[in-house]
Amino acid sequence: VWLAHDERLGQEVALKFAPDAVRFDPVAIEELKEETRKGLQLAHPHIVRIHDFCEDEKHAAISMEYVDGETLAKLRAARPGKVFEPSEVEHWMRQ
């Protein structure tokens, strides 16, 4: 996932690039497009907004709302044993 500036929207977005194994698989690309279409219909404070599906000869990516903050991976890596305790994630699960 990369931080980018969308010139059409005039704002920062997160670009989630598909790996090459997916990018050059036509069936996988169609599945990503379908997931993007479904994501465009979602609106909830705890779900990032999807803006677009971007594709060229070399890359495919989903453009989505950029949310500033720590990643779950980074937070998990700082935990003893590299795992969250159930009580630590309970508030996320309720959301």
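## A walk from the pockets to the core

Let's start with empty space: the largest pocket holds about 360 Å³ of it. Keep in mind as you look around that this is a predicted model.

Who lines that largest pocket? There are 14 lining residues, and Val 1, Ala 14, Met 64, Val 67 and Thr 71 are the ones nearest its centre. Three elements each give two or more residues to the lining: strand E1 (2-6), strand E2 (11-17) and strand E4 (60-65). If you sort the lining by character, you get eight nonpolar residues, two polar ones and four charged ones.

Next comes the second largest pocket, with a volume of about 210 Å³. Its lining is made of His 46, Glu 70, Thr 71, Leu 72, Leu 75, Trp 92 and Gln 95. Here the split is three nonpolar, three polar and one charged. Did you spot Thr 71 again? Thr 71 is among the residues nearest the centre of the largest pocket, and Thr 71 also helps line the second largest one.

Now let's follow strand E4, which we just met in the lining of the largest pocket. On one side, E4 pairs with E2 in the antiparallel sense, over five bridges. You can find Phe 17 standing opposite Ala 61 of E4. E4 also pairs with strand E3 (50-55), again antiparallel and over five bridges. In this second pairing, look for Ile 50 opposite Met 64 of E4. E3 and E4 make a hairpin, with four residues between the two strands.

So is E4 enclosed or not? Five of its six residues are buried, so E4 is largely enclosed by the rest of the structure. Zoom in on Ser 63, which sits in E4. Ser 63 counts as buried because its relative accessibility is 2%, and the cut-off for buried is under 20%. Setting aside neighbours within four places in sequence, Ser 63 is in contact with Asp 6, Val 13, Ala 14, Leu 15, Ile 50, His 51, Asp 52 and Cys 54.

From here we can step into the core. In soluble globular proteins, nonpolar side chains tend to be buried together. In this model, the largest nonpolar core has eight residues: Ala 14, Ala 18, Ile 29, Ile 50, Phe 53, Ala 60, Ile 62 and Met 64. The elements giving two or more residues to this core are E3 and E4, and E4 provides the largest share, with three residues. Two core members, Ala 14 and Met 64, are familiar from the largest pocket, where they are among the residues nearest the centre.

Which residues does Phe 53 contact, apart from neighbours within four places in sequence? They are Ile 29, Leu 32, Lys 33, Thr 36, Ala 60, Ala 61 and Ile 62. Among those contacts, Ile 29, Ala 60 and Ile 62 belong to the core as well.

Our last stop is another core member, Ala 18. You'll find Ala 18 in the loop between E2 and helix H1 (20-23). Is Ala 18 buried or exposed? Ala 18 has 14% relative accessibility, so it counts as buried. Not counting residues up to four places away in sequence, Ala 18 touches Arg 23, Leu 32 and Ala 60. For a sense of spacing, take Ala 18 and Ala 28: they are 10 residues apart along the chain, and their C-alpha atoms are separated by 9.6 Å.

Definitions and conventions. Residues are numbered from 1 along each chain as its sequence is written. This is a predicted model: local features need pLDDT of at least 70, side-chain atom pairs count only at pLDDT 80 or more; totals for chains, interfaces and linings use all residues. Side-chain values use heavy atoms; hydrogens and water are left out. On a 1 Å grid over the protein atoms alone, a cavity is a set of points where a 1.4 Å probe fits but cannot get out, and a pocket is an open set with protein on both sides within 12 Å along at least five of seven lines; lining residues have an atom within 4 Å of a point. Grid points are joined across faces, edges and corners, and a volume is the space filled by probe spheres set on the points. Ala, Val, Leu, Ile, Met, Phe, Trp, Tyr, Cys and Pro count as nonpolar, Asp, Glu, Lys and Arg as charged, and the others, Gly among them, as polar. A nonpolar core is a set of buried Ala, Val, Leu, Ile, Met, Phe, Trp, Tyr and Cys residues joined through side-chain atoms within 4.5 Å. Buried means under 20% relative accessible area, exposed over 50%, partly exposed in between (1.4 Å probe, protein chains only). Contact means heavy atoms within 4.5 Å. Two strands pair if DSSP finds at least two bridges between them.
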